[in-house]
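Colleague: Please take a close look at a single part of this model with me, and then explain how that part is placed among the elements around it. I am in my first year, so please go slowly.

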Amino acid sequence: LTSRRAISELVEEGVLYRRQGKGTFVCENEPASAPAASGCTACVFRKLRPRSEQDNFFLEIVEAFEDEISDGDGYMAYKGMACLNLSCEAMGLSAENELLTVAQRMLKTDIIGLVLDERFPDRLIQELMPSDKPIVVVNRKSAVDGVRCVAPDMNAFALEILTYLTELGHRRLLYVYDVLKPEQLEMLEAFQREIDHFGIPADDFLALPCHETDFSGKSYRLTTEQGLKAHRPTAVVAGFDWVASNVYAQATSMGLTIPGDLSVISTGDFAMAADLDPPLTTLRIDTDALGRAAARLVRQPQHLVTIPPKLMERASCAHVA
């Protein structure tokens with residue numbers, strides 16, 4: 001166990017690199033300047049959570065990415081950055097400088113492309129451009145010209161949610177979303193464009209922004225309380241599953257039952273979704289498709305690939321009486 005941990009640390013530091021099905025090898029020179037062998041895709045990702053934890057979302061993307069690369073003759077050089085586990089506003093200048101330096105050094109090696117974590121900020125990506133090697137952002141859209149992106153199709157997510165809820169008879173909706181999450185803002189824009197087509201009056205759709213800074217969920221619960229009291233919706237759309245778990249907590253504290261008094265639907269399909277009581281209806285973000293598409297984008301000159309949702313229908317939504 002100690003040896004495996006030491007090898008993993010050396011891989012993260014760039015002293016060693018792994019090739020799926022082949023083994024672990026020593027970089028020829030110093031990690032900062034050693035040219036990678038032909039066919040190597042460099043990745044700057046967050047430190048991955050253990051599989052035992054509830055949120056394995058990005059781990060699933062990375063595993064699919066590695067599987068796709070390994071199906072061919074390629075391999076990946078992975079750099080795990082602890083600062084990417086933080087929100088952009090909490091990252092700090094020194095962390096941003098470290099991120100930028102790592103990415104710049106990787107681009108100077110003999111890689112075929114660079115793949116970046118969704119939390120790698122656009123302001124730093126801009127510093128890497130123009131690049132003679134493809135740069136790919138996984139799980140979000142980037143506004144930087146020339147960058148390739150793979151992301152969930154949030155317009156399709158919004159349409160699927162509206163279709164599902166209106167077929168159940170819901171016309172009075174509350175959307176609780178994190179104001180700093182681009183994909184949730186994109187879904188808000190889609191809701192605002194489409195509600196009229198589903199027979200939902202503008203006054204019957206309330207969107208309330210919030211943001212969590214301490215992982216307590218307090219902001220999400222307070223915003224949910226505000227919306228439930230002011231709007232009295234028949235259904236709540238949560239920006240993602242962690243928001244939904246706090247919607248559950250707040251509704252319960254107010255004496256509301258799910259789905260008897262209030263239907264709840266979300267996006268993500270994290271492990272927690274099926275464990276909530278009642279199990280949460282959610283639109284699954286296809287992590288396998290995201291990871292595999294990101295690996296293919298390194299070799300494909302395509303600006304954007306979007307991944308459609310999959311409805312995971314559970315017990316948190318019901319017909320309006």
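Modeller: Let us begin with a term: a polar contact is a pair of N or O atoms within 3.5 Å, and within protein one of the two must be able to donate a hydrogen while the other must be able to accept it. Please keep in mind throughout that this is a predicted model. The part I have chosen is Ser-266, whose side chain makes such a polar contact with the side chain of Asp-241, at 2.9 Å. Ser-266 belongs to strand 11, which covers residues 263-268. Is this serine buried or exposed? Ser-266 counts as buried because its relative accessible area is 0%, and buried means under 20%. If we set aside residues up to four places away in sequence, Ser-266 touches Ala-238, Phe-240, Asp-241, Ala-244, Leu-280, Thr-281, Thr-282 and Leu-283.

Several of these names lead us to the next element. Strand 10, made of residues 235-238, has both of its faces covered, with Ala-235 and Val-237 buried on one side and Val-236 and Ala-238 buried on the other. Ala-238, at the end of that list, is one of the residues that Ser-266 touches. Strand 10 and strand 11 pair in the parallel sense over 3 bridges, and within this pairing Ala-235 has Ser-263 of strand 11 as its bridge partner. Strand 10 also pairs with strand 8, residues 173-178, again in the parallel sense, here over 4 bridges, and Tyr-175 has Val-237 of strand 10 as its bridge partner. Between strand 10 and strand 11 we can also follow helix 9, residues 241-253, since strand 10, helix 9 and strand 11 make a right-handed β-α-β unit.

For contrast, we can turn to Ala-318, which is found in the segment after strand 14 (310-312). Ala-318 counts as partly exposed because its relative accessibility is 24%. Leaving aside neighbours within four places in sequence, Ala-318 is in contact with Leu-168, His-170, Pro-259 and Ser-263, and Ser-263 is the residue we have just met as the bridge partner of Ala-235. The C-alpha atoms of Ala-318 and Leu-262 are separated by 8.3 Å, although the two residues are 56 residues apart along the chain.

We can now look at another region of the model. An open sheet of 6 strands has the order 4-3-5-6-7-13, and its pairing is parallel. At its edges are strand 4 (75-81) and strand 13, each of which pairs on one side only. On average, and with direction ignored, neighbouring strands of this sheet are turned by 15 degrees against each other. Strand 5 and strand 6 run parallel and are joined by 3 bridges, with Val-137 of strand 6 as the bridge partner of Leu-116. Helix 2 packs on this sheet and touches strand 3 (40-46), strand 4, strand 5 and strand 6, and its direction makes about 175 degrees with that of strand 3. Helix 4 (residues 93-107) likewise packs on the sheet and touches strand 3, strand 4, strand 5 and strand 6, with its direction at about 165 degrees to that of strand 4. Strand 6 is covered on both faces, for Ile-135 and Val-137 on one side and Val-136 and Val-138 on the other are all buried. Strand 6 and strand 7 pair in the parallel sense over 3 bridges, and Val-137 stands opposite Cys-149 in strand 7.

Helix 11 (residues 287-297) also belongs in this picture, and its buried residues include Leu-290, Gly-291 and Ala-294. The buried residues of helix 11 pack against helix 2 (57-71), strand 5 (113-116), strand 6 (135-138), strand 7 (148-152) and strand 13 (304-307). At the N-terminal end of helix 11, Asp-286 acts as a cap, with a side-chain oxygen 3.2 Å from the backbone nitrogen of Asp-288.

Finally, for the protein chain as a whole, the secondary structure comes to 11 helices and 14 strands, and 48% of the 321 residues count as buried. Among the contacts with a separation of 6 or more, 68% are between residues 24 or more positions apart.

Methods: Residues are numbered from 1 along each chain as its sequence is written. This is a predicted model: local features need pLDDT of at least 70, side-chain atom pairs count only at pLDDT 80 or more; totals for chains, interfaces and linings use all residues. Side-chain values use heavy atoms; hydrogens and water are left out. Buried means under 20% relative accessible area, exposed over 50%, partly exposed in between (1.4 Å probe, protein chains only). Helices (H or I, at least four residues) and strands (E, at least two) are DSSP runs, numbered from the N terminus. Contact means heavy atoms within 4.5 Å. Two strands pair if DSSP finds at least two bridges between them. A crossover is right-handed if, with the strands pointing away from the viewer, the path from the first strand over the helix to the second runs clockwise. Axes are lines fitted to C-alpha atoms, for helices over the stretch in contact, and angles run from 0 to 180 degrees between N-to-C directions.
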